[in-house]
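User: Please take a close look at one part of this model for me. I would like to see how the two domains of one chain meet, and then how that fits with the rest.

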Amino acid sequence: MGTASETHAVLPTTDFQRLLEALSMKGYRVVGPTVREGSVVWETIRQVSDLPIGWRDQQEPGRYRLEHTGSNDIFGVVHGPQSLKPFAFAPREPLLQIERSKNGFTTSSTFPQSEKVAVIGARACDLAGLAVQDRIFLEDAYRDPYYAARREGLFLVAVNCTRSLTTCFCASMETGPRVSRGFDLALTEVDDSFLVEAGSEAGRDLLSGLSLPPASEDLIGEAGSRIEACARNQVRRLDLARLPQALYEAHEHARWDEVAGRCLACTNCTMVCPTCFCHTIEETPDLSHQQSTHVRLWDSCFSQQHGYIHGKNIRPTIKDRYRMWLTHKLASWIDQFGTSGCVGCGRCITWCPVGIDLTEELPALLTSGVQSSIANQQVGDP
Amino acid sequence: MSESEAQRQRPRLAVVKFASCDGCQLSILNLEEDLLAIGQALDIAYFPEASSDMKPGPYDITLVEGSITTAEDAHRILAVRQETKALITIGACATAGGIQALRNWADVESFKQTVYPSPEYIQSLSTSTPISEHVHVDFELWGCPIDKHQLLRVITDLVIGVQPRLPGDSVCLECKRRGNVCVLVAKGIPCLGPVTRTGCGAICPGMGRDCYGCFGPCEGERKGPGLPPNTDSLATRFHQELQLIPVEVVRRFRGINGSVSPFRTESEIWEKKT
């Protein structure tokens, strides 16, 4: 490592296409945020104009709107509903192909082909979410080969945030807005140029191929102060100081009943969460019963089947399911994996159809309150 | 067992129709290449929509389309039940009473007087009711129309002799798996997806429009306090944030599956506020 100006380069916005072409030349399919149906989704892109230039997002509980500002900013939109999750943890992953044989059956695995995918526009919260999923799927004894095959091919071009949404609280979770690890290249958009830094060997290799001029100390300073301002502007926060214990002690808090009255158990919060990893397995036999595909699908602790164990649903009510989700996400996740399950992206707040906000729910639950009056009420299985 | 014996032992299938538009039967025909596999796995013995060769019962599996709207049909469904081992309803009409169940809140006599020059020839019940209100139903397929893949799955399960099981999750789960942008959150459209049963493949939100609940309530009829679907919360959101007036909330829930609880109870709550 040398001085900052030796490790930081500058890419004029007008030359952004060069980055896309350099990635293509290295054999990557380049994916970036594109405008669709009032938000942005990941799509394969070929030119800079495929990116949401001049758009920005406004997010609040249960509400997302894009607005066109007419600026030349490429990354004015902070994020859409998708984190990096679908790239490695596929929503629908065939695991096994099963064929009937004379004396039983044979199986063959259906590992995905490792594809080189460069994702442009990942945010600090997205990288933090991916790191949590890496911990779950790749570490310990049970390494998931399907996740690993998809994860291996990812090249991540991150973007430092210089604008916070009202739903963002990454600063309080210490996951952003500056990307600190897990990226190949990191960009900071400053007016008509990008400050570029490499975070991996592959990133350094690509950057040297671009032969960009070194960044000035002024540009580095300006980028840094914009990221710091972004952190200061965040209006939401989560205080995990008393967790996990305090949330366990709130198990019978009356607030659970109150939030269950609003919660739809629709699964949206868990689907957009960058760290939620629950899944179900579906068997899809053909009509002749000669073969079947064993498929893994995204599932949710809010779904009916998720709580179904040996003839009984152990979480029949919405209250059971919301309590399970929040307690796992913010408390027992710490016991289980050594980190919080929340990275502060705010997606569960925005994409909840009724705007339930965990940064409001947690403080309410940690305030000593009335114990639930129906805590022990028996509810029939659905 | 020889090939011909296997052929003879194929389960016998019947498809019958009550008050309906025939769209669910067309979903069977729309299975296209899979129809050949069905023809091999099952003896399609009675299916007037597809063939004039109608063999008498008894049958192993009967797919029932349509709701009960006449006294004659209320009698006929009893015979259908007696002629079959497994009775499967296909679609919103047979499973929930269908769009024609809107008559349950209206005056059918006045409809007859208004529409027909000789209303005395019309012999119709004042209600449209699902098949399950008349006979025991072994399995229900939701949707307007049904999803052909779900139908194929249920037939596959029945042929092998396992209890069919289809997910009762909300449409939202499938929307997110498919990468659809939520129309309720991003466009402010009153989508019923959060309280509606999955199975359609989230077609409508995938095309940028709202789900109108044609697969009925998710997780089936609510059987106790605090269980999904939480129509109360969604209806309140429609009213307070999306500015639907009460009569619009009523119309949201009183559609193709309007006579099924909790859609029915929700529409009746909001009707009192109009």
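Analyst: Start where the two domains touch. In this predicted model, 14 residues of domain 1 of chain B are in contact with 13 residues of domain 2 of chain B. On the domain 1 side, helix 5 (residues 92-96) of chain B gives the largest share, 3 residues. Sorted by class, that side of domain 1 has 7 nonpolar, 6 polar and 1 charged residues.

Now step back to the domains themselves. The domain assignment of chain B places domain 1 at 3-160 and domain 2 at 171-271. Their C-alpha centres are 26 Å apart.

Next comes the contact between the chains. Chain A brings 44 residues to it, and chain B brings 38 residues. Several elements of chain A supply at least two residues each, among them strand 3, strand 5 (63-68), strand 13 and helix 12 (318-337). Helix 10 (255-262) and helix 11 (268-272) of chain A also supply at least two residues each. By class, the chain A side has 23 nonpolar, 15 polar and 6 charged residues.

Two of those strands can be followed further into chain A. Take strand 3 of chain A. It belongs to an open sheet of 7 strands, in the order 1-11-10-9-8-2-3, with mixed pairing. Strand 3 (39-44) is an edge strand of this sheet, and so is strand 1 (8-12) of chain A: each pairs on one side only. On average, neighbouring strands of the sheet are turned by 25° against each other, direction ignored.

Look inside that sheet. Strand 8 (residues 117-122) and strand 9 (residues 154-159) of chain A pair in the parallel sense, over 5 bridges. There, Ala122(A) stands opposite Ala158(A) of strand 9.

Helices lie across the sheet strands too. Helix 2 (residues 16-25) of chain A lies across strand 1, strand 2 (29-36), strand 8 and strand 9, and it runs at about 135° to strand 2. Helix 8 (residues 217-232) of chain A lies across strand 1, strand 10 (185-190) and strand 11 (193-198). Helix 8 runs at about 90° to strand 10 of chain A.

Now take strand 13 of chain A. Strand 13 (residues 291-298) pairs with strand 12 (residues 279-285) of chain A in the antiparallel sense, over 7 bridges. In this pair, Pro285(A) has Ser292(A) as its bridge partner. The two strands form a hairpin with 5 residues between them. In that hairpin, His289(A) takes a positive phi near 60°.

Terms used:
Residues numbered from 1 in each chain as written. Chains lettered and ligands numbered in written order. Predicted model: local features only at pLDDT ≥ 70, side-chain atom pairs only at ≥ 80, totals over all residues. Domains from an automatic or database assignment. Contact = placed C-beta atoms within 7 Å. Helix = DSSP H or I, 4+ residues; strand = E, 2+ residues; numbered from the N terminus. Nonpolar A, V, L, I, M, F, W, Y, C, P; charged D, E, K, R; others polar. Pairing = 2+ DSSP bridges. Axes fitted to C-alpha atoms, helices over the stretch in contact; angles between N-to-C directions.
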